[in-house]
Amino acid sequence: MGGPAPARGLADLRDEIVAHGGCGYEPCETATRMVPGDGNPDAAVVFVGEAPGKTEDELGRPFMGRAGKLLDELLAEAGVVRADVWITNVVKARPPKNRDPKAPEIAHWMPFLVRELELIQPQLIVPLGRHALKHFAPEAKIGEVHGTLLDERLFPLYHPAAAMYNQTLKATLFEDARALGALLDP
Ligand code: URA
């Protein structure tokens, strides 16, 4: 089997996530499919969302629905495409009716995200929204730190879903995406 070590490790991780179940946590029991991270195993930048929604649950890939379409536009604004980056979620199973994931469910999935990030070793992590941000910078508030570099490796953005019906937030998100682009390619 070929491929550099990170790709192999990520393929194993992906297989484990896809086969995940039987643990008793509600999202893991009710989801149609698990949604592993996706993209370039050598990515310098990893985007971390909260949890899959309906479309992602159907397709088994992260950010494929309306929030995903907006994320694609933001990537374009930052001068990158999906194939350049890695996109994942804190929780890999859709919570029923898209409710927020509960703390024990987040803790249950955290070792997978930790392994994922260890394998990829990105230069920059982009937490999308306050739920994802909480795991990287528990004290930080998304309204204060969005679009700024934290600890030399975090660049939080508002969650695309939050901006879908809020034009002011959407404009801020695009502005932050341009700042991200400048950081990646000064
Ligand atoms: N929202 C997320 O946080 N993740 C997805 O994959 C889709 C929508």
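Here is a short conversation about how a few labels in this predicted model are earned.

Visitor: What should I keep in mind about the model and its numbering?

Guide: This is a predicted model, in which local features need pLDDT of at least 70, side-chain atom pairs count only at pLDDT 80 or more, and totals for chains, interfaces and linings use all residues. Residues are numbered from 1 along each chain as its sequence is written, and side-chain values use heavy atoms, with hydrogens and water left out.

Visitor: Why is V46 called buried?

Guide: Buried means under 20% relative accessible area, exposed over 50%, and partly exposed in between, with a 1.4 Å probe and protein chains only. V46 has 0% relative accessibility, so V46 counts as buried.

Visitor: What does V46 touch?

Guide: Contact means heavy atoms within 4.5 Å. Leaving aside residues up to four places away in sequence, V46 touches W86, T88, L117, I120, P122, L124, I125 and V126. V46 and V126 are 80 residues apart in sequence, yet 6.0 Å apart in space, C-alpha to C-alpha.

Visitor: What makes β2 a mostly covered strand?

Guide: Strands (E, at least two residues) and helices (H or I, at least four) are DSSP runs, numbered from the N terminus. In β2, residues 45-49, 5 of 5 residues are buried. V45, F47 and G49 point one way, and V46 and V48 the other.

Visitor: How do you know that β2 pairs with β4?

Guide: Two strands pair if DSSP finds at least two bridges between them. β2 and β4 (residues 124-127) have 4 bridges, in the parallel sense, and V46 stands opposite I125. β2 also runs parallel to β3 (residues 86-89), again joined by 4 bridges; there F47 has I87 as its bridge partner.

Visitor: Why are α4 and α9 called oblique to each other?

Guide: Axes are lines fitted to C-alpha atoms, for helices over the stretch in contact, and angles run from 0 to 180 degrees between N-to-C directions. Under 35 degrees counts as roughly parallel, over 145 as roughly antiparallel, 65 to 115 as roughly perpendicular, and the rest as oblique. α4 (residues 66-78) and α9 (residues 167-184) pack at about 40°, with axes 7 Å apart; α4 and α9 are therefore oblique.

Visitor: Which residues of α4 and α9 meet?

Guide: L70, E73, L74, E77 and A78 in α4 meet K170, L173, F174, A177, R178, L180 and G181 in α9.
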